[in-house]
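Hi everyone, thanks for making time this morning. Could you all bring up the model on your screens, so that we can walk through it together?

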Amino acid sequence: MAEISSRKYDLILLGATGYTGKLCAEHIVKSLPTDLKWAVAGRSHERLSAVVEEIKHYNLDRVQPAVEVSTLSLEDLQSLAQKTRLILNTVGPYFRYSSPVVQACAENGTHYLDVTGESPWVYEMIQKYHDTAKASGAIIIPQIGIESAPSDLLAWTLANLIKEKLSLSTREVVASIHEIHGQPSGGTLATVVGLLDHYSLGEFKRAFAPWALSPIPGPRSSAAVPLQTKLFGVRHQQDLGTLTTSVAAGPNVAIVQRTWGLLGGPKSYGPNFQYHEYMRVKNSLAGMIFHFAVGLGFLALAIPPLRWLIQYAAHSFHAPGQGASQAISTEESIELRAVAKADHGSSNPRMAMAKFRFEGSLYYLSGVFLAEAAMIILKNDRLVEELGGGLLTPAMLGQPFIDRLRDAGIIFESRIMPERTTNSKQ
């Protein structure tokens with residue numbers, strides 16, 4: 001294995017001809033250091049060269065990426081991983097194409113980042129390659145895009161804020177997609193449908209079981225979910241409003257719970273920590289309708305003939321590798337808000353609040369997460385040494401990651417809330 005610091009490239013962007021890959025390449029050209037040694041990789045030299053030509057006008061003063069042709073065979077990927085310190089992987093569906101990418105990186109001490117949201121696949125990768133990556137020193141972080149970086153960073157920020165300012169643990173974080181404007185790419189739609197063809201319902205249940213991704217057992221719930229939420233999917237939370245079921249909650253909750261475990265569980269966020277995530281709606285009726293619609297949608301996906309029909313309709317919307325036009329995507333935005341309750345045995349606990357907001361293409365945002373996280377790993381040797389390798393999570397990159405995201409135009413705010421004299425709504 002070549003010494004990682006002496007490898008040919010700092011990073012390789014794998015899947016640069018896809019929708020998210022191109023946007024990530026654009027951000028690298030615009031924002032990362034001009035002396036970065038990097039390459040774009042994929043199966044077609046012609047298509048990769050076209051991407052290089054397309055993006056170079058964003059910054060003519062920087063080193064343009066080399067082109068590396070590679071199939072997705074393990075042999076080719078081993079060779080690719082040995083040429084670079086870090087791989088950014090945007091080749092999805094990840095369950096179908098990217099297992100050998102993770103294997104090659106784990107075995108060669110090559111750092112790895114991706115933007116999957118496929119929890120059953122992430123569970124599988126943890127079981128297979130966490131120990132290998134830890135032994136080689138490879139930092140492997142899946143789900144460092146829209147799923148699940150904002151959620152993980154909000155929970156990390158609030159728990160640390162409460163510990164720093166109040167000297168208390170955190171009992172519960174309640175997060176909400178406060179606002180989202182955007183549309184899924186063809187690759188996202190293909191992934192949602194394809195997952196149920198690849199994994200059994202039992203494998204889904206295993207991956208989404210409480211604390212399934214945590215390396216240590218999670219606490220029993222001390223922050224009970226209100227009965228109306230269990231029955232109708234609706235929750236009223238002061239400072240967040242009326243909330244309902246979020247389709248993104250499952251993968252995000254799993255990553256937050258893994259972070260809790262990786263950081264030491266009771267020693268980090270606290271022994272009674274719980275994380276719940278929802279989506280804001282106008283009123284309870286809208287929340288109930290959406291909650292049951294989501295349930296029916298998942299039921300339809302579980303029935304093969306209906307799933308195939310949905311897959312056909314998805315392909316007519318956006319084919320894999322395609323997404324919203326630039327004119328449409330620039331009007332997109334996302335905002336998450338979260339409140340945290342301190343764990344000090346009071347019926348009126350001290351609270352903290354945080355906000356994450358980005359205006360622009362949501363898939364460009366995933367590219368920003370990838371590129372900025374890469375720079376933390378490439379430039380922060382002390383952090384890399386502290387992390388030590390393994391299948392990790394976005395929040396493990398800590399405050400330096402948040403600072404880089406702010407510099408990239410992302411709004412990230414947090415504060416301790418004033419003491420209240422009345423109980424907050426649940």
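I'll go through the sheet, the cores, one helix, a surface patch and a few unusual backbone spots. Please keep in mind that this is a predicted model.

Let's start with the sheet. Seven strands make an open sheet with parallel pairing, and the order reads β3-β2-β1-β4-β5-β6-β13. Which strands stand at the edges? Those are β3, residues 66–69, and β13, residues 390–391; each has a single partner strand, so one side of each is left without a neighbour in the sheet.

Now zoom in on one pair in that sheet. Strand β1, residues 9–14, and strand β2, residues 38–42, run in the parallel sense and are joined over four bridges. If you want to find the register on screen, Leu 13 has Val 40 of β2 as its bridge partner, and Leu 14 is bridged to Ala 41, also in β2.

Stay on β2 for a moment. Is this strand enclosed or open to the outside? Five of the five residues of β2 are buried, so the strand is largely enclosed by the rest of the structure. As a reminder, in a regular strand the side chains alternate between the two faces of the sheet. In β2, one side carries Trp 38, Val 40 and Gly 42, the other carries Ala 39 and Ala 41, and both faces are covered.

On to the packing. The largest nonpolar core has 119 residues, and the members that touch the most others are Leu 11, Leu 88, Leu 113, Phe 356 and Leu 397. Helix α15, residues 362–379, supplies the largest share of this core, with 14 residues. There is also a second, separate core of eight residues, among them Val 174, Leu 243, Met 353 and Met 417.

Let's click on Phe 356. What does it touch, once we set aside residues up to four places away in sequence? The list is Pro 150, Leu 154, Ile 334, Glu 335, Leu 336, Leu 365, Phe 369, Ile 410, Ile 411 and Phe 412.

Back to helix α15, because there is a charged residue I'd like you to see. Glu 372 lies in this helix, and at 4% relative accessibility it counts as buried, the cut-off being under 20%. Leaving aside neighbours within four places in sequence, Glu 372 is in contact with His 27, Ser 31, Leu 32, Phe 401, Arg 404, Leu 405 and Ala 408.

Another helix to look at is α5, residues 99–108. How many of its ten residues are buried? Nine of the ten are, so we can call this helix mostly covered. The buried ones are Ser 99, Pro 100, Val 101, Val 102, Gln 103, Ala 104, Cys 105, Ala 106 and Asn 108. Just after α5 comes Gly 109, with a positive phi of about 70°.

Now let's turn to the surface. Leu 227, Leu 231, Phe 232 and Phe 292 make a nonpolar patch of about 410 Å². Helix α10, residues 227–232, gives the largest share of the patch, three residues. Leu 231 sits in that helix, and with 47% relative accessibility it counts as partly exposed.

Last stop, the backbone. Most residues other than glycine have a negative phi, and most peptide bonds are trans. Here are some exceptions in this model. A cis peptide bond joins Gly 92 and Pro 93, with omega about 0°, and Pro 93 is in the loop between β4, residues 84–89, and α4, residues 94–97. Another cis peptide bond links Glu 147 and Ser 148, with omega about 10°; Ser 148 lies in the loop between β6, residues 139–141, and α7, residues 149–166.

The loop between β6 and α7 also holds Gln 143. This residue has a positive phi of about 55° although it is not a glycine. Is Gln 143 buried or exposed? It is buried, with a relative accessible area of 0%.

Compare Ser 167, in the loop between α7 and β7, residues 169–181. Its phi is also positive, near 55°, but Ser 167 is exposed, with a relative accessible area of 64%.

That's the tour, and I'm happy to go back to any of these spots.

Technical notes:
Residues are numbered from 1 along each chain as its sequence is written. This is a predicted model: local features need pLDDT of at least 70, side-chain atom pairs count only at pLDDT 80 or more; totals for chains, interfaces and linings use all residues. Side-chain values use heavy atoms; hydrogens and water are left out. A nonpolar core is a set of buried Ala, Val, Leu, Ile, Met, Phe, Trp, Tyr and Cys residues joined through side-chain atoms within 4.5 Å. Buried means under 20% relative accessible area, exposed over 50%, partly exposed in between (1.4 Å probe, protein chains only). Helices (H or I, at least four residues) and strands (E, at least two) are DSSP runs, numbered from the N terminus. Contact means heavy atoms within 4.5 Å. Patches are made of residues with over 30% relative accessible area and no salt bridge: like charges are joined within 9 Å, nonpolar side chains (Val, Leu, Ile, Met, Phe, Trp, Tyr) within 5 Å. Accessible areas come from the Shrake-Rupley method with a 1.4 Å probe; for residues, only the protein chains shown count as cover. A salt bridge is a side-chain nitrogen of Lys or Arg within 4 Å of a carboxyl oxygen of Asp or Glu. Two strands pair if DSSP finds at least two bridges between them.
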